[in-house]
Amino acid sequence: MDENTSVLASAIGGRVRQERQSRRWSLEQLADAAGVSRRMLINVEQGAANPSVGTLLRIGDALGVGLPALVEAPRPRPLKVTRRAEGAALWSGQFGGRGLLVAGTESPDVLELWDWTLGPNDRHASEAHALGTKELLQVQEGTITVEVGDRSVTLDAGDAVTFSGDVAHSYANLDARLARFSLAVFEPAVGSGTRAEVSHA
């Protein structure tokens, strides 16, 4: 892990441990509720793992907190500014892409704002989110192919799409140029146990 990833992993681990202990849950209880292994949970809490977004969503849902709450310490404030490149980089692509969570609200109804870049041939696949999740995506530059279930659409700069995030979906850059898009994710009732049934393999 590079230094920024290590700092983020440590912050996430501390927040997960804090939330688990505030509920007086054992590692086993949280692992069972989240559908992740005890070993993965230990690694997350120790900051020794760089968990996938899907794993973080399952842990957050089990704890009743949204993904934005897991990537920073809770601080009551009326205004939060995220400066350029200060968001939480929660995904790195094989060809230079990254998924940067730049803003988000607290549970129970969580709204996330992402800044995504995909290098040529980068692809991010996402498992189904909680039931009722909605995603809105607008391409800023380049071309993106979005797959939702068995449907696929190609979008150019300026194009936008809205879809249900409670089915498996992916974003891909099949072009030779860098692609960039903004993504908003609305996940209602985080922690209510409505996560869609997905394979954790």
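**Exercise 1. How much space lies in the second largest cavity, and what lines it?**

Solution.
- Start with the volume. This is a predicted model, and its second largest cavity holds about 50 Å³ of space.
- Next, list the lining. Thr 5, Leu 8, Ala 9, Ile 12, Ala 49, Asn 50, Pro 51, Leu 56, Ala 89 and Leu 90 line this cavity.
- Now assign elements. Helix 1 (3–22) and strand 1 are the elements that give two or more residues to this lining. Helix 1 gives the most, with four residues.
- Finish with the classes. Eight of the lining residues are nonpolar, two are polar and none is charged.

**Exercise 2. Find how many cavities of 30 Å³ or more there are, then describe the largest cavity.**

Solution.
- Count them. There are three cavities of 30 Å³ or more.
- Take the largest cavity. About 130 Å³ of space lies in it.
- Look towards its centre. The lining has 15 residues, and Val 53, Trp 114, Ser 126, His 129 and Val 185 are the closest to the centre.
- Trace the elements. At least two lining residues come from each of helix 4 (53–63), strand 3, strand 4 (123–126), strand 9 (169–172) and strand 10 (179–187).
- Sort by class. The lining of the largest cavity has seven nonpolar, five polar and three charged residues.

**Exercise 3. Work out the strand order of the open sheet of six strands, and say why one side of strand 1 and of strand 8 is left without a neighbour.**

Solution.
- Read the order. The six strands run 1-2-3-10-5-8, and their pairing is antiparallel.
- Go to the edges. Strand 1 (88–92) and strand 8 (160–164) stand there with a single partner strand each, so one side of each has no neighbour in the sheet.
- Add the twist. From one strand to the next, the twist averages 25 degrees.
- Zoom in on one pair. Strand 2 (residues 98–104) and strand 3 (residues 110–118) are joined by six bridges in the antiparallel sense.
- Pick one bridge. Ala 103 has Leu 113 in strand 3 as its bridge partner.

**Exercise 4. State the mean pLDDT of the protein, and find where pLDDT stays under 50.**

Solution.
- Begin with the whole protein. The mean pLDDT is 86, and 90% of the residues reach 70 or more.
- Then locate the stretch with values under 50. It covers residues 194–201.
- Check its contacts. For residues 194–201 the model has 20 contacts beyond four places in sequence.

Notes. Residues numbered from 1 in each chain as written. Predicted model: local features only at pLDDT ≥ 70, side-chain atom pairs only at ≥ 80, totals over all residues. Heavy atoms only, no water. Pairing = 2+ DSSP bridges. Axes fitted to C-alpha atoms, helices over the stretch in contact; angles between N-to-C directions. 1 Å grid on protein atoms, 1.4 Å probe; cavity = no way out; pocket = protein on both sides within 12 Å on 5 of 7 lines; lining within 4 Å. Points joined across faces, edges and corners; volume = space filled by probe spheres on them. Nonpolar A, V, L, I, M, F, W, Y, C, P; charged D, E, K, R; others polar. pLDDT = per-residue confidence, 0-100. Contact = heavy atoms within 4.5 Å.
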